[in-house]
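Hi,

Here is the structure I promised to pass on. Have a look at it first, and my notes follow underneath.

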Amino acid sequence: MNKPGYPVILNIAGLPVVVVGGGTVAARKVGKLLEAGAQVTVVSPDLAPRLQEWAGHGKIRWLDKRFEPGDIRGARLVIAATNDPQVNLAVYNALEPYQWINIVDRPDLSDFVVPTTLRRGKLSISVSTSGASPGLAKQITAELAERYDEVYADYVDFLAQCRLEILQHVSDQQQRQRLFAALLDPVFLRLTREGKQEERSARYRRLLSTAAGSPAGSGAGSATAEVEREAGQDGDSDPALKQSGQQQSEEEI
Ligand SMILES: C[C@@]1(CC(=O)O)C2=NC(=C\c3[nH]c(c(CCC(=O)O)c3CC(=O)O)Cc3[nH]c(c(CC(=O)O)c3CCC(=O)O)/C=C3\N/C(=C\2)[C@@H](CCC(=O)O)[C@]3(C)CC(=O)O)/[C@H]1CCC(=O)O
Ligand SMILES: NC(=O)c1ccc[n+]([C@@H]2O[C@H](COP(=O)([O-])OP(=O)(O)OC[C@H]3O[C@@H](n4cnc5c(N)ncnc54)[C@H](O)[C@@H]3O)[C@@H](O)[C@H]2O)c1
């Protein structure tokens with residue numbers, strides 16, 4: 001890869017992936033593939049302990065043999081992860097045009113490289129140096145792990161739920177954008193961190209009722225009321241918010 005590449009999150013669930021090699025690096029790649037729900041086959045005359053465990057539990061298919069070109073037939077993704085550059089090159093040469101390959105010792109020939117990824121529920125933070133320094137990518141991810149801690153999993157679920165409700169029930173575009181921006185007020189993260197889910201929810205309802213009351217929101221008023229009815233809560237409208245119609249900072253709310 002000479003260019004920075006095109007970052008994506010692949011939906012690989014249920015699709016066949018072949019990993020050639022059964023060492024430490026192969027085990028790391030397989031771990032991420034299993035998290036994504038891929039159907040993994042490992043081709044190798046031996047397996048690292050984690051791979052042995054997965055094979056023992058039927059989580060991966062193991063072909064106990066040295067690589068041959070027919071082993072990658074039908075795979076959507078292929079990972080060449082042996083410690084023998086000639087074998088890795090042989091895997092590359094066996095590819096069909098529709099197959100995408102990651103060669104762990106040849107980023108220059110690879111169709112894709114794997115970033116480090118920090119996961120917090122639905123939040124994924126991936127870091128890549130495009131092969132320049134995988135160690136640095138790992139270090140930066142460790143720093144981000146402190147800043148974006150486990151609380152973010154619940155916080156992102158909350159944002160997703162609110163966003164879905166707003167998309168379903170608020171038809172006015174400007175009104176939606178204002179609500180989405182207001183949802184990102186740090187107060188919602190703080191309340192999540194403090195375990196105050198009820199207060200968080202009340203504030204969200206207040207935000208909705210404010211939107212319903214503001215002049216720009218008049219077109220969305222009934223829809224917003226519908227969201228509140230469904231949630232079984234009254235909108236506790238906040239006059240300060242109603243007046244400004246702007247996103248409020250944590251101090252202002
Ligand atoms: C991010 C991560 C994801 C993963 O593998 O899941 C990943 N490498 C990780 C760790 C790591 N890799 C290496 C070290 C030792 C320190 C060092 O050398 O820096 C460490 C650190 C450690 O292990 O602690 C050595 C290394 N890596 C590559 C080569 C070959 C070469 O460069 O030619 C060599 C030299 C081998 C040799 O000695 O000859 C190549 C690749 N490694 C990549 C990904 C891709 C580019 C990623 C990017 O920069 O964006 C790329 C191009 C291809 C690919 O594998 O996709 C994972 C972090 C997992 C985590 O978060 O824990
Ligand atoms: N991309 C990365 O993140 C990264 C990190 C470190 C090292 N590396 C590179 O990855 C290579 C593998 O590292 P490792 O620590 O997993 O090595 P390892 O020695 O632990 O494992 C190598 C595996 O390849 C298998 N193998 C060898 N020949 C084979 C063949 N013909 N067919 C099938 N399987 C075969 C071995 O049986 C073994 O299971 C290293 O040589 C290095 O070049 C890449």
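**What turned up around the ligands and elsewhere**

By class, the shell around ligand 1 is made up of 8 nonpolar, 9 polar and 5 charged residues. Before you read on, please keep in mind that this is a predicted model.

Staying with ligand 1, there are 22 residues around it, and those that come nearest are T116, S128, G131, P134 and G135. Two helices, α1 (24-35) and α4 (134-147), each supply at least two residues of that shell. The largest share comes from α4, which gives 5 residues. So where does ligand 1 lie with respect to domain 1 and domain 2? Domain 1 (1-114) and domain 2 (115-148) both contribute residues to the shell, so ligand 1 lies between them.

Now for ligand 2. Here 21 residues are around the ligand, with G21, G22, G23, V25 and N83 coming nearest. For this shell it is α1 that gives the most, namely 3 residues. Sorted by class, the shell around ligand 2 holds 10 nonpolar, 7 polar and 4 charged residues.

There are also two annotations from UniProt, both from an unreviewed entry, that you may want to lay over the model. One is "domain: Siroheme synthase central", which UniProt places at residues 120-145. In the model, the end C-alpha atoms of residues 120-145 are 9 Å apart, and the span is 46% helix and 23% strand. The other is "transmembrane region", which the UniProt record puts at residues 6-27. For residues 6-27, the end C-alpha atoms lie 25 Å apart, with 18% of the span in helix and 23% in strand.

Last, a helix pair further along the chain. Helix α5 (residues 151-169) and helix α7 (residues 186-193) have axes that come within 9 Å and cross at roughly 125 degrees. Angles over 145 degrees would count as roughly antiparallel and 65 to 115 as roughly perpendicular, and α5 and α7 are therefore oblique to each other. Their crossing is right-handed.

Over to you, and shout if anything is unclear.

Cheers

Terms used. Residues numbered from 1 in each chain as written. Chains lettered and ligands numbered in written order. Predicted model: local features only at pLDDT ≥ 70, side-chain atom pairs only at ≥ 80, totals over all residues. Near = placed C-beta within 6 Å. Helix = DSSP H or I, 4+ residues; strand = E, 2+ residues; numbered from the N terminus. Nonpolar A, V, L, I, M, F, W, Y, C, P; charged D, E, K, R; others polar. Domains from an automatic or database assignment. UniProt positions renumbered as here; feature names shortened; annotations may be inferred. Axes fitted to C-alpha atoms, helices over the stretch in contact; angles between N-to-C directions. Parallel < 35°, antiparallel > 145°, perpendicular 65-115°, else oblique. Left-handed = near helix turned anticlockwise from the far one by under 90°.
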